[in-house]
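Grab a pencil and work through these short exercises with the model open beside you. Each one sets a task and then walks through a solution.

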Amino acid sequence: MSGFMKEKALPHAIEELEEITNFARANGGEEYSKGNLPRLMSWDTSFWSERLKETKFDMTEEELRPYFALPEVLNGMFGLAKRIFGIDIKPADGEAEVWNDDVSFFNVFDEESGEKIASFYLDPYSRPADKRGGAWMDVCIGKSKATDRMVPVAYLTCNGSPPIGNTPSLMTFREVETLFHEFGHGLQHMLTNVDIGDVAGISGVEWDAVELPSQFMENWCYDEKTVYGFAKHYETKEPLPKDLFEKLKEQRTYGAGMMCMRQLYFGQLDIELHARYDPTTSSESIFDVQKRVAAEFSSHLPPVEGDRFLCAFNHIFGGGYAAGYYSYKWAEILSADAFGAFEDVGLENEEEVRRVGRLFRKTVLGYGGGKPPSEVFEEFRGREANPEALLRHNGLM
């Protein structure tokens, strides 16, 4: 599969690098002339890529904030969950003790039966004095028949800007995506059909599939119907201008070829070192292996002589991703292909979207770690995962 993705992505990566290089030559002065710099160096690509992006899209995160007020985003996200998964999410503040006044508590009900099936805490705002940065979902109570806990409870934690006076918390689009992402993890925990604690919800799910529900939910941030259910100016109530929404969608595919090749390169390098390389019998050093893999997957931007990136590749040597870095790209394939099931039936076809959503809830969200992810996905999609949806979403085919 990596070979197929390389075939599609590499020509785009070469074109993207050429465009960045031309932009640097036109705007960087004499030091970036062909005579002084035959090719753009790897340490320059990120800088000039960002400058080119600013020129192309002429849009900042800050100007979008007024259109993404947290209360509206939550209502839109909960409305989407009701639409596709058949659940009602209702505020339940005061029902459970909280650790900060900013924390809210919600109950989740099955739309059809009316039964309460889960709950979750939402801690949305930054508190630099006593709260670490980032965003995450964690387990508060796991579903388990053995311990007589049949209503799972999740923590959803973000670090957005708190409201000021009468102004609600205003989010960047990236923060909206992050909220949807963590909500996806939470849904897998909360909507599990498994009552054996070790494999209920997110427990026991194989490493290369844990990001499927979360990345799947991010796709809805680019669905027009979903976005315009909450993207409105907090003061004027005017919807997000269509040209800004189109730019958001275009930004999603910016640099996609280079990013895809980068992830394929890292994933293949990881596999080579942990699954195939034996330093006791090989005549190659680990840096020789790096050069060999780079020649295939990073030929457009080869490492410089003396490159020692491997010494800082913490993901595969100290971060838990040894022989598993490929799972980043694999999870993208799974999530895009899963969203593709909704695209196949038509995102405006409510009856079919509802049917596919219920199937996703039953399988991907419902089976937990009790069934191999490949079997879960095949039951949902009716076939093995295919990278074409991801390549299409990224503008690579």
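**Exercise 1: an odd backbone angle, twice**

Asp58 is exposed, its relative accessible area being 59% (exposed means over 50%, buried under 20%, partly exposed in between, with a 1.4 Å probe and protein chains only). Before going on, note that this is a predicted model, where local features need pLDDT of at least 70, side-chain atom pairs count only at pLDDT 80 or more, and totals for chains, interfaces and linings use all residues. Residues are numbered from 1 along each chain as its sequence is written, and side-chain values use heavy atoms, leaving out hydrogens and water.

Task: find where Asp58 sits and what its phi is, then do the same for Asp148.

Solution:
- Step one: look in the loop between helix H2 (42-57) and helix H3 (61-64) for Asp58. Helices (H or I, at least four residues) and strands (E, at least two) are DSSP runs, numbered from the N terminus.
- Step two: check the angle; Asp58 isn't a glycine, yet its phi is positive, about 45°. Most residues other than glycine have a negative phi.
- Step three: hop to the loop between strand S4 (136-141) and strand S5 (153-160), where Asp148 lies. Asp148 has a positive phi of about 60°, again without being a glycine.
- Step four: Asp148 is exposed, with a relative accessible area of 66%.

**Exercise 2: two helices crossing**

Task: work out how helix H4 and helix H5 cross, and which residues make the contact.

Solution:
- Step one: take the axes of H4 (residues 70-85) and H5 (residues 173-190); they come within 11 Å and cross at roughly 40°. Axes are lines fitted to C-alpha atoms, for helices over the stretch in contact, and angles run from 0 to 180 degrees between N-to-C directions.
- Step two: that angle makes H4 oblique to H5 (under 35 degrees is roughly parallel, over 145 roughly antiparallel, 65 to 115 roughly perpendicular, the rest oblique).
- Step three: list the contact residues, with heavy atoms within 4.5 Å. H4 brings residues including Leu70, Met77 and Phe85, while H5 brings Val176, Leu179, Phe180, Phe183 and Leu187.

**Exercise 3: a buried glutamine**

Task: is Gln263 buried or exposed, and which residues does Gln263 touch?

Solution:
- Step one: find Gln263 in helix H9 (residues 256-276).
- Step two: with 10% relative accessibility, Gln263 counts as buried.
- Step three: leaving aside residues up to four places away in sequence, Gln263 touches Tyr325, Tyr328 and Lys329.
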